[in-house]
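Ready for a few exercises? Have a look at the structure below, then try each task before you read its solution.

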Amino acid sequence: MNETDTPKKRSFPFSLAIIIIIIIFSITAFYQAMNAYLSPSPSPAEGNYFILLGIVGLAMSAYMLLRTRRVAPQISLETQRVSTTILCEKCGFKKIQPFEVGDYIIKEVEPCPKCDEKMMITSIYREENEKEKR
Ligand SMILES: [Zn+2]
């Protein structure tokens with residue numbers, strides 16, 4: 001049991017689960033079609049209907065699969081987290097908060113909760129995700 005492929009697990013998209021469900025429905029539809037054709041009292045109209053349903057389902061899942069593949073790189077860019085470190089020069093109080101637009105190094109921010117001195121942004125960095133940390 002070697003858990004080296006965690007990045008793969010992390011990128012497993014929710015839409016893929018939906019695609020799998022649609023594929024299962026399509027297979028069920030084909031199975032129903034077969035039953036309709038091969039039953040003691042065959043009903044080809046019903047069989048044709050289920051086959052159409054199955055084909056539509058498979059086409060839909062194929063289309064969705066192509067779409068998710070194209071969207072995936074954009075998602076991974078959006079999930080990057082950037083943090084800002086705020087430091088009080090006087091007492092050394094340190095605070096880390098999510099990066100906000102307009103943050104820059106040596107910018108003066110809110111006063112220190114300990115000594116009321118003006119605090120300063122000392123660093124802005126991108127948080128490493130699980131994949132890079134490994
Ligand atoms: Zn302070």
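Two strands count as paired if DSSP finds at least two bridges between them. Helices (H or I, at least four residues) and strands (E, at least two) are DSSP runs, numbered from the N terminus. Keep in mind that this is a predicted model, where local features need pLDDT of at least 70, side-chain atom pairs count only at pLDDT 80 or more, and totals for chains, interfaces and linings use all residues. Residues are numbered from 1 along each chain as its sequence is written.

**Exercise 1.** Work out the order of the strands in the open sheet, and find its edge strands.

Solution, step by step:
- Start with the order: the sheet has 4 strands, arranged β2-β1-β4-β3 with antiparallel pairing.
- Now look for strands that pair on one side only: these are β2 (94-98) and β3 (108-111), the edge strands.
- Finally, check the twist: neighbouring strands of this sheet are turned by 40° against each other on average, direction ignored. (For angles, axes are lines fitted to C-alpha atoms, for helices over the stretch in contact, and angles run from 0 to 180 degrees between N-to-C directions.)

**Exercise 2.** Find the partners that β4 offers to β1 and to β3.

Solution, step by step:
- Take β1 (residues 81-87) to begin with: 7 bridges join β1 to β4 (residues 118-127), and the two run antiparallel.
- Pick out residues: valine 82 has arginine 126 as its bridge partner, while isoleucine 86 stands opposite isoleucine 121.
- Move over to β3, which is joined to β4 by 2 bridges, again antiparallel.
- Here glutamate 108 stands opposite methionine 120, and proline 111 faces lysine 118.
- Then follow the hairpin of β3 and β4: it has 6 residues between the strands, and aspartate 116 takes a positive phi near 70°.

**Exercise 3.** Is serine 43 buried or exposed, and where does it sit?

Solution, step by step:
- Locate serine 43 in the loop between α2 (14-38) and α3 (44-78).
- Recall the cut-offs: a residue is buried if 20 or more other C-beta atoms lie within 10 Å of its own, exposed if 12 or fewer, and partly exposed in between, with C-beta atoms placed from the backbone.
- Serine 43 is exposed because it has 12 other C-beta atoms within 10 Å.
- For contrast, look at α2, whose buried residues are Ser26, Ala29 and Ala33.
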